[in-house]
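Here is a short report for a reader new to this structure. Please look over the sequence and the model before reading on.

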Amino acid sequence: MKKIQVLMSTYNGAVYLREQLDSILKQDCEEHGIAELSVLIRDDGSRDGTQKILEEYHKNNPDKICWIQGENCGVIESFFTLLKEADHSADYYAFSDQDDYWMPDKVRVAICELERLEGSGMPGLYCCRPRLTDANLQELPGGIKRPPVQPSFGNALIENVVTGCTMVINPSLRELVIPELPGFTSMHDRWLYLVASCFGEVIYDETPHILYRQHGGNVVGTKSNRFAEFWERIGRFRGRRHDISRQTEEFLRVFGDLSKENLRKFQFESRAVQNLQLAEKLVAARHSFLKRASLVRSGCLYRQRNNDNKVFKVLILLGIY
């Protein structure tokens with residue numbers, strides 16, 4: 001049987017933590033003979049009694065749950081620390097927030113999707129569309145109708161479609177990421193999406209397998225109302241308008257000097273080379289309108305929704321990225 005380790009970062013999560021841990025322990029991957037499951041948790045300096053809950057679950061499930069206490073460093077560094085400290089012998093790694101609820105088949109479905117990459121050595125990332133709920137796990141009515149997601153490196157450069165708490169990766173992706181972690185990234189799941197889409201494969205499952213709580217304590221949430229989401233994203237972009245180019249520069253610093261010999265180990269060597277060249281063009285275009293216009297005309301960079309795509313083409317032309 002395979003082994004999957006769930007990586008969870010907690011911070012003042014006592015309100016919803018028990019429900020989330022219970023949903024993880026009720027995953028059906030073991031009863032289907034798919035994988036043995038364990039959980040590694042890093043507490044990021046909680047002050048609300050989260051540690052007592054973690055210790056309670058560890059004592060009741062000593063073979064399943066292990067937790068470590070860390071100093072407060074923020075969600076990005078906390079998850080990267082977990083990725084480094086994870087069990088090297090695991091076959092898969094799943095990422096979990098502290099306040100959601102996993103449907104029983106979440107882990108099993110992810111593993112079945114990633115299994116087809118086994119033997120190829122290809123870095124793989126699985127994620128799914130979350131089902132938005134209120135704080136009591138009641139599905140939010142209506143919501144925004146979203147088109148089917150088409151992941152690619154050209155999309156990852158300017159948009160993150162990976163909801164981190166749905167993400168499951170294979171060892172090849174972990175081994176590619178942990179030797180040198182980024183000095184800057186807007187979020188850990190964004191970085192993993194960049195790396196996986198550049199050198200491997202991203203599998204996006206349109207079927208939800210988690211209940212994704214929307215409440216005031218979310219570090220990152222998803223609005224269910226188009227108007228509210230639009231203004232939230234505009235505000236977020238105005239405050240972090242150069243994150244795209246900054247993150248791309250960091251990606252090139254970490255991966256841009258990979259030799260041809262190193263690139264040959266990836267199944268799609270030519271695609272990886274083209275992706276790195278696209279990242280270089282995006283950075284270089286910041287200083288040339290003609291290069292930005294050429295980049296926009298190429299269609300290589302895109303966001304998932306048409307209106308978003310049109311807006312970001314204008315922003316790229318203006319050099320505001």
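Does N12 count as buried, partly exposed or exposed, and at what relative accessibility? The model is predicted, and the answer is computed from it. N12 counts as partly exposed because its relative accessibility is 30%, and the band for that class lies between 20% and 50%. The residue sits in the loop between β1 (2-10) and α1 (14-25). Its phi is near 50 degrees, a positive value in a residue other than glycine.

L137 makes a useful companion. L137 also is not a glycine, and it has a positive phi of about 65 degrees. Its loop runs between β7 (131-133) and α5. L137 is buried, because its relative accessible area is 16%, and the cut-off for buried is under 20%.

The table sets these two residues beside a third, K281.

| Residue | Place | Relative accessible area |
|---|---|---|
| N12 | loop between β1 and α1 | 30%, partly exposed |
| L137 | loop between β7 and α5 | 16%, buried |
| K281 | helix α11 | 53%, exposed |

**The whole chain**

The protein chain has 321 residues, and 50% of them count as buried. It holds 13 helices and 10 strands. The chain exposes about 15200 Å². Carbon and sulfur atoms supply 49% of that area. Contacts often span long stretches of sequence. Among contacts with a separation of 6 or more, 82% join residues 24 or more positions apart.

**The sheet of seven strands**

Strands of a sheet pair through backbone hydrogen bonds, either parallel or antiparallel. One open sheet here has 7 strands and mixed pairing. Their order is β3-β2-β1-β4-β8-β6-β9. The edge strands are β3 (65-69) and β9, and each pairs on one side only.

Strand β6 (residues 124-128) deserves a closer look. It pairs with strand β8 (residues 168-169) in the antiparallel sense, over 2 bridges. Y126 stands opposite V168 in β8. With β9, β6 runs parallel, and 5 bridges join the two. There, C127 has Y204 of β9 as its bridge partner.

Why is β6 described as largely enclosed by the rest of the structure? The reason is burial: 5 of the 5 residues of β6 are buried, so the strand is largely enclosed. In a regular strand the side chains alternate between the two faces of the sheet. In β6, G124, Y126 and C128 point one way. L125 and C127 point the other way. All of these residues are buried.

**The sheet of three strands**

A second open sheet is made of 3 strands, in the order β5-β10-β7, and its pairing is mixed. Its edge strands are β5 (101-102) and β7, which each pair on one side only. β7 and strand β10 (residues 210-213) pair in the parallel sense, over 3 bridges. R131 stands opposite L211 in β10.

**The second largest pocket**

Which residues lie nearest the centre of the second largest pocket? They are F153, G154, N275, L278 and C300, out of 21 lining residues. Four elements give two or more residues to the lining: α5 (153-156), β9 (201-205), α11 and α12 (289-298). Of the elements, α11 gives the most, with 6 residues.

The volume of the second largest pocket is about 410 Å³. By class, its lining has 8 nonpolar, 9 polar and 4 charged residues.

**Helix α11 and K281**

Helix α11 covers residues 269-284, and K281 is placed in it. K281 is exposed because its relative accessible area is 53%, and the cut-off for exposed is over 50%. K281 and R292 are 11 residues apart along the chain. Their C-alpha atoms are separated by 8.6 Å.

**In brief**

The chain carries 13 helices and 10 strands. One open sheet has 7 strands, and another has 3. β6 is largely enclosed by the rest of the structure. α11 gives the most residues to the lining of the second largest pocket, and K281, in that helix, is exposed.

Notes. Residues are numbered from 1 along each chain as its sequence is written. This is a predicted model: local features need pLDDT of at least 70, side-chain atom pairs count only at pLDDT 80 or more; totals for chains, interfaces and linings use all residues. Side-chain values use heavy atoms; hydrogens and water are left out. Buried means under 20% relative accessible area, exposed over 50%, partly exposed in between (1.4 Å probe, protein chains only). Contact means heavy atoms within 4.5 Å. Accessible areas come from the Shrake-Rupley method with a 1.4 Å probe; for residues, only the protein chains shown count as cover. On a 1 Å grid over the protein atoms alone, a cavity is a set of points where a 1.4 Å probe fits but cannot get out, and a pocket is an open set with protein on both sides within 12 Å along at least five of seven lines; lining residues have an atom within 4 Å of a point. Grid points are joined across faces, edges and corners, and a volume is the space filled by probe spheres set on the points. Ala, Val, Leu, Ile, Met, Phe, Trp, Tyr, Cys and Pro count as nonpolar, Asp, Glu, Lys and Arg as charged, and the others, Gly among them, as polar. Two strands pair if DSSP finds at least two bridges between them.
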